[in-house]
Amino acid sequence: MQEFFQQLVNGVVIGGVYALIAIGVTLVYGLTNLINFAHGQVVTVGGFAAWSAVSTGIPFALAVVIAALVGGVTSLAMERVGFRFTRANPINGFILSLAIIFVLEGLLVERYGDTLHRIDTPLNGTVSIGDVQVSYQRLLVVGVAAVLTLALMVALKRTKVGRATRAYAEDPPTAALMGVNTNGLIMLVFLVGGALAGAAGALLLSLFGVTVTLGAAFVVKAFVVSLIGGLGSVEGAAIAGLAVGLAETFGSAYISSSWTDFFGYVLVIIVLMVRPSGLFKGSEGAHV
Amino acid sequence: MSDTTLAPVRPAAWWRPYVPVVVVMALLTLLPHVGLSNRHVHLSVVCLIWAMAAFGLFVPYAFAGQMTVAVVTAWGVGAFSTALAIEYWDWGFVPNLLFSMAAAFVAGALMAMPILRTKGHYFVIITFVLAEAVTVAANNWEVTSGPGGGGISVSQPIEFLGFSFAGRISMYYLCLAAVTIMALTVVWLRGSRLGKHFASIRENEELARSIGVSTTWLKILALAIGGIFAGAAGTFYAYYLSHIDIRGFGVNQAITLILIVVVGGRQAILGPLVGAAVAYYLPELIQLDPNRVLIGYGVVLGLMVIFLPTGILGGLDSAWKRWQRRRRQPQPSEAPLLSKAGAS
Amino acid sequence: MLEVRNLSKSFGSVRALQGVDLDVERGERLALIGPNGSGKTTLFNAVSGAFRPTSGSATFLGTDITRTSMERTARHGLVRTFQHDAVFPGLTVAENLDLPLLRRASRHDIDLPRDIDGLVELAGLQGLRQTVASTLSYGNRRRLGIAVAIALNPVLLMLDEPAAGLNEKETHALLVMLEKLSELGVTLVVIEHDMPFITALCQRAIVLNTGSVIATGSPTEVRQDPAVIEAYLGGSLADAV
């Protein structure tokens with residue numbers, strides 16, 4: 001039983017990280033129909049930014065903020081320099097995102113080499129919840145992921161900008177007619193999604209350390225999570241993130257750990273067979 | 001340069017689209033004789049094999065408009081089919097080739113099935129997931145991961161029609177022949193009734209449906225046919241490189257294949273060949289370290305997509321057409337320039 | 001030839017169509033009109049197979065087409081056109097017509113042109129055979145889209161706002177083409193807002209509002225129907241005379 005709860009915690013931790021990364025992917029797709037696989041690089045960049053910050057003595061909490069800022073700027077830059085020009089043809093945007101992966105990964109290897117970069121665990125010690133020992137660090141990760149996700153969901157529902165985003169995702173022409181600044185919205189979504197991904201990178205640094213291939217490993221999962229949750233739906237990404245995290249953790253613990261990644265893949269195939277649009281109604285984005 | 005747009009051919013000139021392919025391929029037979037180093041001949045063979053695999057993406061993407069990452073998986077299926085057939089059943093070249101093509105066709109068709117349940121762009125994501133999933137599965141299966149996870153070796157040369165294609169140069173000619181056959185087949189396919197159906201899906205899928213075209217099944221067929229080409233590429237890959245590894249058929253290779261098709265030209269039959277040449281000769285000429293090559297690939301692909309989406313051959317074709325129009329009708333505003341240049 | 005019975009379509013909680021009954025007679029020229037959001041396009045899409053109705057039925061030439069896909073419906077002889085994205089943009093006019101001609105159905109009662117030249121002439125696109133479709137003018141593109149549809153030799157042609165955005169000259173060219181089609185035996189159902197166009201082309205009109213049929217009759221009759229005038233919020237119909 002203790003083992004079960006231990007895995008449960010692990011699943012929630014990794015699931016929270018998946019959710020953070022997936023939100024950026026799903027929001028961007030929902031608004032622009034763009035499949036941005038370069039989002040994974042934003043995670044890596046954020047992770048390395050956090051590592052560099054901590055290496056120069058900056059406290060971890062601040063490093064997370066820095067990672068979020070760097071991630072946001074990187075993501076926004078991708079949009080301004082590249083994706084802005086492929087809006088009319090999202091598949092070209094997809095190809096462009098693949099090109100960006102190569103460029104960013106190459107640049108990161110130039111700068112950091114291909115070894116694992118770690119930091120000392122920022123938050124030491126564990127707490128006992130029932131029979132289970134949970135490290136404070138893991139709690140922190142879950143906490144940060146949950147707070148950021150909930151904050152975003154609230155922002156989408158309550159703020160003017162959030163409502164405009166949802167309106168544009170639902171019905172782009174009408175929203176544009178009503179004066180919604182579509183360009184600004186798209187940039188904002190890239191910025192916010194990138195910030196969340198950057199923060200996720202910092203969190204991953206604290207848990208496992210970062211390598212230049214970190215993003216590549218996580219971006220496929222992010223898309224799996226987005227598909228399961230329904231492309232365009234933030235709630236879907238949050239719930240699906242947890243689902244995939246749990247599926248992987250339990251599958252890895254009770255079935256086989258060399259098949260870890262596979263459990264998420266199986267889950268997405270099953271979900272799509274039953275509900276082709278994913279669990280939640282997302283949006284079809286700019287494509288009416 | 002003759003017309004490389006996708007026009008149906010009028011009966012009188014049915015042979016015209018084949019001409020560029022035949023001419024270029026004939027010229028390429030001279031390549032080993034122009035004093036290239038061994039390394040360059042080797043690169044040329046690798047180039048040709050990548051071009052074959054790129055045809056596996058060209059058919060579904062350039063013809064039917066269906067992008068896929070899973071072409072790399074079909075390529076891997078082809079390579080492993082040949083390697084395993086040699087290892088377990090000691091088959092010869094022709095049975096291996098046919099087996100690989102058939103296995104990759106089936107793999108391509110199976111991986112295309114999600115089209116039945118997904119809409120539009122979702123499928124592209126699924127192909128990415130499928131490629132990753134198969135990689136994980138293959139890594140866990142001793143048959144494909146090889147002894148100690150180190151891959152599988154193929155130590156036989158190709159024996160075909162009484163010849164043994166053991167050396168670099170003989171492999172070059174064999175691969176050149178294979179690419180020629182593939183390119184000619186693709187030309188034929190483009191002008192065929194099936195090819196026109198594919199084009200309609202690419203150009204306007206909903207309109208195609210409204211005129212009775214079963215777009216879903218045809219997309220699956222396009223992907224499966226692409227599989228055949230990728231599978232054949234796998235056979236040559238296994239024989240020539242003598243060692244295959246699951247890591248050789250992953251997402252990085254898929255991105256390279258996409259680069260090859262896009263950079264070469266999405267509307268030109270010889271695009272895969274031109275793209276493969278850029279991908280493999282250019283780094284050689286510029287002498288970059290592998291990491292810089294990666295960055296270079298990314299930059300080239302990115303710039304192509306934004307500024308020259310029709311690729312090198314497409315860009316040349318447009319430039320040719322613009323030049324021809326100018327020659328026929330000089331614009332009044334250009335007259336001063338022309339007289340400056342001395343043209344009438 | 002087309003019988004629609006009690007057709008309904010809901011999108012979530014939005015009831016786009018509510019129990020629509022409709023009959024289309026062979027050879028007629030029927031207009032489907034109504035304010036924006038009245039369900040005209042939804043009816044079109046449900047009948048032509050773009051999506052499935054929530055309930056009700058549609059029968060075409062004796063075959064139940066309620067749940068058939070757009071591809072299969074087209075093969076039965078019911079073909080629809082599109083208001084936007086009506087052609088194969090990267091192909092020339094001739095290439096646009098090539099594939100549908102290959103898929104042409106042979107019928108004993110309808111015999112539309114069977115070759116590219118005949119279709120080009122019918123559509124008034126002479127001299128544009130080798131022009132790439134995306135470079136055509138709006139009006140030419142519209143007529144090409146219709147030509148693509150009729151290359152299949154359809155029995156019933158459903159046109160989605162064919163005159164939208166066309167100038168007077170283009171509208172007239174369109175009218176001429178559709179009248180020729182009607183003479184050749186094709187049954188026409190047209191969604192349109194352009195009242196003079198409807199009045200000139202169609203013998204009968206059906207008016208939809210908020211998903212239900214509110215009037216039917218000749219174009220002149222429905223124009224004067226009080227319920228119809230009210231639906232249009234008193235004015236645009238009368239202005240369009």
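How many residues do chain C and chain B each bring to their contact? Chain C brings 22 residues and chain B brings 17 residues. This is a predicted model.

## Where chain C meets chain B

Start with the side of chain C that touches chain B. Three elements of chain C each supply at least two residues to that side: helix 2 (70-76), strand 6 (78-80) and helix 3 (93-102). Helix 3 of chain C has the largest share, with five residues.

Now sort this side of chain C by class. It has 13 nonpolar residues, seven charged residues and two polar residues.

## Where chain B meets chain A

Two pairs of chains touch, and the pair with the most contacts is A and B. Here 34 residues of chain A are in contact with 30 residues of chain B. On the chain B side, the elements that give two or more residues are helix 5 (122-140), helix 11 (251-264) and helix 13 (290-307). Helix 13 of chain B gives the most, with 11 residues.

The classes on this side of chain B are 21 nonpolar, six polar and three charged residues. What about chains A and C? They do not touch. The nearest C-alpha atoms of chain A and chain C are 11 Å apart.

## Two helices that cross in chain B

Two packed helices are described by the angle between their axes and the distance between the axes. Take helix 2 (residues 38-63) and helix 3 (residues 71-89) of chain B. Their axes come within 9 Å and cross at roughly 135°. Angles over 145 degrees would count as roughly antiparallel, and 65 to 115 as roughly perpendicular. Helix 2 and helix 3 of chain B are therefore oblique to each other. The crossing of these two helices of chain B is right-handed.

Which residues meet there? Helix 2 of chain B offers B:Ala53, B:Gly56 and B:Leu57. Helix 3 of chain B offers B:Val71, B:Ala74 and B:Trp75. By class, this contact between helix 2 and helix 3 of chain B has five nonpolar residues, one polar residue and no charged residues.

## The nonpolar core

The largest nonpolar core has 292 residues. Which residues have the most contacts inside it? They are A:Ala199 and B:Met52.

Look at the neighbours of B:Met52, leaving out residues up to four places away in sequence. B:Met52 touches B:Ala178, B:Val179 and B:Met182, among others. B:Met52 also touches B:Phe229, B:Ala232, B:Ala233 and B:Phe236.

Definitions and conventions
Residues numbered from 1 in each chain as written. Chains lettered and ligands numbered in written order. Predicted model: local features only at pLDDT ≥ 70, side-chain atom pairs only at ≥ 80, totals over all residues. Contact = placed C-beta atoms within 7 Å. Helix = DSSP H or I, 4+ residues; strand = E, 2+ residues; numbered from the N terminus. Nonpolar A, V, L, I, M, F, W, Y, C, P; charged D, E, K, R; others polar. Axes fitted to C-alpha atoms, helices over the stretch in contact; angles between N-to-C directions. Parallel < 35°, antiparallel > 145°, perpendicular 65-115°, else oblique. Left-handed = near helix turned anticlockwise from the far one by under 90°. Core = buried A, V, L, I, M, F, W, Y, C linked by C-beta atoms within 7 Å. Buried ≥ 20, exposed ≤ 12 C-beta atoms within 10 Å, placed from the backbone.
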